[in-house]
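I opened a new page for this structure. My plan is to read the sheet, then the core, then a few single residues.

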Amino acid sequence: MKNIIEIDNLNFSYKNKPIFEDLTLSIKEGSFTTIVGVNGSGKTTLIKLILGLLRGNSVIMCETLPVTDHHLKT
């Protein structure tokens, strides 16, 4: 199966507070993935990064296309 979402060495901070440091994640097509954690652990931030609502320092690939303004419909 191919990767449907790929994140490689993502770093992201809110106001100089690190949220993700060197996060690497790949999700296979057709798989079920659950994101769990306590309040404030970064679940919503991760989803916003994948959706392109926030920008990190790494390119996030979704179905072989980078999540950028150019590829997102406004």
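My entries follow in the order in which I looked things up.

**Entry 1: ground rules.** I am working with a predicted model, in which local features need pLDDT of at least 70, side-chain atom pairs count only at pLDDT 80 or more, and totals for chains, interfaces and linings use all residues. Residues are numbered from 1 along each chain as its sequence is written, and side-chain values use heavy atoms, with hydrogens and water left out.

**Entry 2: the sheet.** I looked up the strand order first. Four strands make an open sheet in the order β2-β1-β3-β4, with antiparallel pairing. β2 and β4 (65–66) stand at the edges; each has a single partner strand, so one side of each has no neighbour in the sheet. For the terms, helices (H or I, at least four residues) and strands (E, at least two) are DSSP runs numbered from the N terminus, and two strands pair if DSSP finds at least two bridges between them.

**Entry 3: β1 and its partners.** I went through the pairs one at a time. Strand β1 (residues 3–14) pairs with strand β2 (residues 17–28) in the antiparallel sense over eight bridges. I noted three positions along this pair: Ile 5 has Ile 27 as its bridge partner in β2, Ile 7 stands opposite Leu 25, and Phe 12 stands opposite Phe 20. The hairpin of β1 and β2 has two residues between the strands, and Lys 15 there takes a positive phi near 45°. With strand β3 (residues 60–62), β1 is joined by three bridges, again antiparallel. Glu 6 has Met 61 as its bridge partner in β3.

**Entry 4: two more positive phi values.** Most residues other than glycine have a negative phi. I therefore wrote down the exceptions that I came across. Asn 9 lies in strand β1 and has a phi near 55°. It is partly exposed, at 39% relative accessibility. Asp 22, in strand β2, has a positive phi of about 55° and is not a glycine either. At 52% relative accessibility, Asp 22 counts as exposed. The scale I use for this is: buried under 20% relative accessible area, exposed over 50%, partly exposed in between, with a 1.4 Å probe and protein chains only.

**Entry 5: the core.** Which residues form the largest nonpolar core? I listed 12 residues: Ile 4, Ile 5, Ile 7, Leu 10, Phe 12, Phe 20, Ile 27, Leu 46, Leu 49, Ile 50, Ile 60 and Val 67. β1, β2 and α1 each supply at least two of them, and β1 gives the most, with five residues. A nonpolar core here is a set of buried Ala, Val, Leu, Ile, Met, Phe, Trp, Tyr and Cys residues joined through side-chain atoms within 4.5 Å. In soluble globular proteins, nonpolar side chains tend to be buried together.

**Entry 6: Ile 7.** I followed this core member from strand β1. Ile 7 counts as buried, at 2% relative accessibility. Leaving aside neighbours within four places in sequence, Ile 7 is in contact (heavy atoms within 4.5 Å) with Leu 23, Thr 24, Leu 25, Leu 46, Ile 50 and Ile 60. Ile 7 and Ser 26 are 19 residues apart in sequence, and their C-alpha atoms are 6.2 Å apart.

**Entry 7: the helix against the sheet.** Which residues does Leu 46 touch, leaving aside its neighbours within four places in sequence? I found Ile 7, Phe 20, Leu 23, Leu 25 and Ile 35. Ile 50 is in helix α1 and is buried, with a relative accessible area of 14%. On the same sequence cut-off, Ile 50 touches Ile 5, Ile 7, Ile 60 and Val 67. Thr 45 is also found in helix α1. Is Thr 45 buried or exposed? Thr 45 is buried, with a relative accessible area of 9%. The contacts of Thr 45, again without neighbours within four places, are Phe 12, Tyr 14, Ile 19, Phe 20 and Leu 54.

**Entry 8: Leu 51.** I ended on the surface. Leu 51 belongs to helix α1 (residues 43–51). Leu 51 is partly exposed, with a relative accessible area of 49%.
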